[in-house]
Amino acid sequence: RDIYNLFLEKPPVLIPRQHRLEVSERLDTTGAVVTPLDEAEARQRIDELVAAGVEVIVIGFLHSYANGEHERRVAEMVAKRCDVPAITSHSVCGEYREYERFSTAAVHGAVMPTVRRYLTNIRQGLTEQGVEAPLTVMQSSGGLCSDEEAIRQPGSIVESGPAAGVISVVEVGRRLGLGELISFDMGGTTAKATLVRDGEITINTDYEVGGGIQGGFGTGYPIRTPVIDLVEI
């Protein structure tokens, strides 16, 4: 983003180089198989990652947006060989452009262990207290999902806090008969604002999370998931 800044700090790498392993396979842009998946090689790579102690296995192949079968097959292998959860890139971002898709999957994988532990603890606590109501979680888009879905796709809740603030503003506006609003949500570290036009929220699917102190697009991790369009200061 800041091409003349000699002191620009890029965000930390989410998946270390030694944990990025290749598997022989290739689909073309239509999803047709050019090179079949080398299943023996895939099993070997899974074993190597498990031996390295990874908490999540992220699976990303070049043209899986057109055909996710190879990614699904490797995910099935992971489930049979170990207890490590797997995330497929096409399931969290079914779009072309492999960098953005792989980055989206990496963000999901990076937050999965924390989200899994957190929601599992909440669910266990509710069960122990005899609470039978469903547990729902706010998403970055302002919608709700079950705790199971949030664990499967944890990247969808990374901006859930600010999203909840916008949803509240829209509801207050509805009760006051106001549709044109500016939502301003200030916490201890950041302030976030968004426009509400005619009672409708703008949803953005080209977003970044974890940006540096200088802020701005190009300083964080690209993530292709529905997010309420917010400006952060």
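# A tour of strands, core and salt bridges

Strand S8 (residues 191–197) and strand S14 (residues 231–232) run antiparallel and are joined by 2 bridges. This is a predicted model, and its chain has 6 helices and 14 strands. Of the 233 residues in the chain, 37% are buried. Let's walk through it topic by topic.

**Strands around S8**

- In the pairing of S8 with S14, Lys192 has Glu232 as its bridge partner.
- S8 also pairs with S7 in the antiparallel sense, this time over 6 bridges.
- Within that pairing, Phe184 stands opposite Ala193, and a hairpin of 4 residues connects S7 to S8.
- Strand S9 (residues 200–201) is another antiparallel partner of S8, joined to S8 by 2 bridges.
- Here Arg197 is matched with Glu200 in S9.
- The hairpin of S8 and S9 has 2 residues between the strands, and Asp198 in this hairpin takes a positive phi near 55 degrees.

**The nonpolar core**

- The largest nonpolar core holds 15 residues, and those with the most contacts inside it include Leu37, Ile59, Phe61 and Val74.
- Helix H1 (39–51), strand S3 (57–59) and helix H2 (69–81) are the elements that give two or more residues to this core.
- H2 supplies the largest share, with 4 residues.
- Phe61 is a good residue to click on: setting aside its neighbours within four places in sequence, its contacts include Val23, Leu37, Val74 and Phe102.

**A buried histidine**

- His108 sits in helix H4 (residues 98–128).
- His108 counts as buried because its relative accessibility is 1%, and the cut-off for buried is under 20%.
- Leaving out neighbours within four places in sequence, His108 is in contact with Ile87, Val92, Gln153, Pro154, Gly155 and Ser156.

**Salt bridges**

- There are 17 salt bridges in the structure.
- One of them joins Glu159 to Lys192, with the closest N and O atoms 2.7 Å apart.
- This pair links distant parts of the chain, since Glu159 lies in the loop between helix H5 (147–152) and H6 while Lys192 lies in strand S8, 33 residues apart.
- Both Glu159 and Lys192 are buried.
- Another salt bridge joins Arg174 and Glu171, whose closest N and O atoms are 2.7 Å apart.
- Arg174 and Glu171 are separated by about one helical turn because they are 3 residues apart in helix H6.
- Arg174 is exposed, with a relative accessible area of 56%, whereas Glu171 is partly exposed at 28%.
- Arg224 and Asp206 also meet through their side chains in a salt bridge (3.5 Å, N to O).
- That pair links distant parts of the chain: Arg224 is in the loop between strand S12 (221–223) and strand S13 (227–228), and Asp206 is in the loop between strand S10 (203–204) and strand S11 (207–209).
- Arg224 is buried at 17% relative accessible area, while Asp206 is partly exposed at 38%.
- Glu39, Arg43, Arg73 and Glu76 are linked in a network of salt bridges.

**The surface and the whole chain**

- Val172, Leu176 and Leu178 form a nonpolar patch on the surface, with about 290 Å² of accessible area together.
- Leu178 is in the loop between helix H6 (160–176) and strand S7 (181–186), and it counts as partly exposed at 47% relative accessibility.
- The accessible surface of the chain is about 13900 Å², with 53% of it belonging to carbon and sulfur atoms.
- Along the principal axes, the C-alpha atoms fill a box of roughly 60 × 60 × 35 Å.

Key
Residues numbered from 1 in each chain as written. Predicted model: local features only at pLDDT ≥ 70, side-chain atom pairs only at ≥ 80, totals over all residues. Heavy atoms only, no water. Core = buried A, V, L, I, M, F, W, Y, C linked by side-chain atoms within 4.5 Å. Buried < 20%, exposed > 50% of the residue type's maximum accessible area, 1.4 Å probe, protein only. Contact = heavy atoms within 4.5 Å. Patch = residues over 30% accessible without salt bridge, like charges linked within 9 Å, V, L, I, M, F, W, Y side chains within 5 Å. Areas by Shrake-Rupley, 256 points an atom, 1.4 Å probe, with all protein chains shown as cover. Salt bridge = Lys/Arg side-chain N within 4 Å of Asp/Glu carboxyl O. Pairing = 2+ DSSP bridges.
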